[in-house]
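Visitor: I am new to this structure. Please show it to me, and then I will ask about it.

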Amino acid sequence: MELGATLPAALHSPAAEAWQVEFAKMLPELERLSNTQLAPWPLRVLRSSQLDAHRLDAELTTMLQEQFMAAFTLFQPGRVSNLAPELNLLLAGLVYWLSIWQGRATPGSELMNLRYRNEHAMEAAAAAAAAAGVGGCSGSGGSSAVQPPSWLHGGRTGLEGPGLSQQQKLGYAAAFVGLPYLWLWWMHPQ
């Protein structure tokens, strides 16, 4: 008596291509799901994380200022302190230019894994997609090769969407570069 005849049928291993057959059966549903317009993920960013990122940016700027001022140790002490607001503006503008203006997050935001995105554009795109009724079933297109849908490869990260608009970038520059400079300039006696 052979061993295979005594085992129940449930314990026999399935055919090698069984998973491909099951995947082919599920592919139209997967394609339909991948082609539906998904609403943007709601952002729930903690204010404490935003404040921590801003604090990290301030600490970075302070460290840069200390290193920058060390370069002027051979100058007359009064001349460098008279230019402190302008030097701070230069460093803050440099950090702004290399981060926000280039479409990236500030260094503190990078450390906190925060990104800037245009929420007004995201809401408008979601409303337009809902009004147009985007979605539906595309089918497998008649191809004989079984290909997984594209969304299985990348997934959603929460970072999708447009970056800041030019007006938002300029507003950020005014609020976090210009206003601190004006405050230091006003408070610093010449």
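Guide: From the N terminus on, the elements of the protein run α-α-α-α-α-α-α-α-α. This is a predicted model, where local features need pLDDT of at least 70, side-chain atom pairs count only at pLDDT 80 or more, and totals for chains, interfaces and linings use all residues. Residues are numbered from 1 along each chain as its sequence is written, and side-chain values use heavy atoms, with hydrogens and water left out.

Visitor: How many helices and strands are there in the protein?

Guide: Helices (H or I, at least four residues) and strands (E, at least two) are DSSP runs, numbered from the N terminus. By that count the protein has nine helices and zero strands.

Visitor: Is Lys-169 buried, or is it exposed? Which side chain of opposite charge is nearest?

Guide: Lys-169 lies in helix 9. Buried means under 20% relative accessible area, exposed over 50%, and partly exposed in between (1.4 Å probe, protein chains only). A salt bridge is a side-chain nitrogen of Lys or Arg within 4 Å of a carboxyl oxygen of Asp or Glu. Lys-169 has no salt bridge although it is buried, and the nearest side chain of opposite charge (Lys and Arg count as positive, Asp and Glu as negative; His and the chain ends are not counted), 13 Å away, is Glu-110.

Visitor: What is the relative accessible area of Leu-182?

Guide: Leu-182 is also found in helix 9, which spans residues 166-187. Leu-182 is partly exposed, and its relative accessible area is 46%.
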